[in-house]
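Visitor: I am new to this structure and would like a close look at a single part of it. Please choose a place, describe it plainly, and then connect it to what else can be described.

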Amino acid sequence: MGQKKWYAVRKGYKTGIYKSWFGEDGAKKQVDGYKGAQYKGFTNINDAENFMSGKSGLSVSHKNSENSHHINENMIIVYTDGGCINNPGAGGYGAVIIKNGIVHKLSGGRRYTTNNRMEMLACIKALEYLKLEKREIVVYTDSAYIVNAVNKKWLFSWQKNNFIKSDGKEVLNRDLWIEILKYLNLLNVKLRWVKGHSGIEYNEICDKLANSEARKNSSERDKWFESLSGYKS
């Protein structure tokens, strides 16, 4: 049996991948006495990162081969979600970033916005967080609106036409599409759709983050949408 060189702590005082079990910087300290701790030892970093991503195999799979990816140290996994109360209404977004075996969470809210805008903002905030990355970034979202716009090249057609549709009307959410384009040009990003509310661990976490933020009734404004909709506080 190979000697274990990597210890992945998925649930503990401080999650992450550790190179030792004992000592001040070891994994044992992060799980001892922690109720419901999840941890495991591995002989290579790839399997440890897969474990951190909630999978015990060699890939992240969502029942669709198109959405399956081998995880290695040269890949960053992102999950995002967003929504609002009443649509339009108070909104929130959430993102989970799995980078170097460490799980990072981002969230925020807006006082008056839409579901689609919060879905988009979740992606933008995650990519902004990773703006200096050179590695491949795979973003999983349950927003077909975003995935189709990018993967079916609608977004790039809108850009060529200055975000004016064939009927002469402006493409909705132009301001956020421009932000997404900025990061698509800057980073190596792939977008993948996943089914929401289907038990996918990190998608569910993002959903909870977004809902929690929406309920806080943030004072932060979605200036573009408030101006467009004529919202008055």
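**A loop residue and what can be described from there**

Guide: Asn 217 has a relative accessibility of 54%, so it counts as exposed, the cut-off for that being over 50%. The model is a predicted one, and everything that follows should be read with that in mind. Asn 217 belongs to the loop that joins H7 to helix H8 (223-229). Its phi is positive, at about 55°, although the residue is not a glycine. As background, most residues other than glycine have a negative phi.

From the loop, step back into helix H7, which covers residues 201-215 and includes Arg 215. Arg 215 has a relative accessible area of 59%, so it is exposed. A link to another stretch of the chain starts here: the C-alpha atoms of Arg 215 and Cys 84 are 8.7 Å apart, while 131 residues separate the two along the chain.

The number 84 is also where strand E6 (75-84) ends, and the loop between E6 and strand E7 (89-99) holds Pro 88. Asn 87 is in the loop between E6 and E7 as well. The peptide bond that leads from Asn 87 to Pro 88 is cis, its omega being near 5°. In general, most peptide bonds are trans. Asn 87 also has a positive phi, of about 45°, without being a glycine. With a relative accessibility of 37%, Asn 87 is classed as partly exposed.

Next, the beginning of the chain. Three strands make an open sheet there, ordered E2-E1-E3, with antiparallel pairing. Strand E2 (16-18) and strand E3 (38-42) each have a single partner strand and stand at the edges, so one side of each has no neighbour in the sheet. On average, and with direction ignored, neighbouring strands of this sheet are turned by 20° against each other.

The pairing can be followed residue by residue. Strand E1 (residues 6-11) is joined to E2 by three bridges in the antiparallel sense, and E1 and E2 form a hairpin with four residues between them. Tyr 7 has Tyr 18 in E2 as its bridge partner, and Val 9 is opposite Gly 16 in E2. Towards E3, the antiparallel pairing of E1 runs over five bridges, and Val 9 stands opposite Tyr 39 in that strand. Helix H2 (residues 45-52) lies across E1, E2 and E3 and runs at about 5° to E1.

The last stop is empty space inside the model. Rolling a probe the size of a water molecule over the atoms shows where such space is left. Two cavities of 30 Å³ or more are present, and the largest has a volume of about 40 Å³. Its lining consists of Cys 123, Leu 127, Val 139, Ile 146, Ile 180, Leu 184, Val 189 and Leu 191. Helix H3 (115-129), helix H6 (174-186) and strand E10 (188-193) are the elements that contribute two or more residues to that lining. By type, the lining of the largest cavity has eight nonpolar residues, no polar ones and no charged ones.

To return to the starting point: Asn 217 is a loop residue between H7 and H8, with a positive phi of about 55°.

Key:
Residues are numbered from 1 along each chain as its sequence is written. This is a predicted model: local features need pLDDT of at least 70, side-chain atom pairs count only at pLDDT 80 or more; totals for chains, interfaces and linings use all residues. Side-chain values use heavy atoms; hydrogens and water are left out. Two strands pair if DSSP finds at least two bridges between them. Axes are lines fitted to C-alpha atoms, for helices over the stretch in contact, and angles run from 0 to 180 degrees between N-to-C directions. Contact means heavy atoms within 4.5 Å. On a 1 Å grid over the protein atoms alone, a cavity is a set of points where a 1.4 Å probe fits but cannot get out, and a pocket is an open set with protein on both sides within 12 Å along at least five of seven lines; lining residues have an atom within 4 Å of a point. Grid points are joined across faces, edges and corners, and a volume is the space filled by probe spheres set on the points. Ala, Val, Leu, Ile, Met, Phe, Trp, Tyr, Cys and Pro count as nonpolar, Asp, Glu, Lys and Arg as charged, and the others, Gly among them, as polar. Buried means under 20% relative accessible area, exposed over 50%, partly exposed in between (1.4 Å probe, protein chains only).
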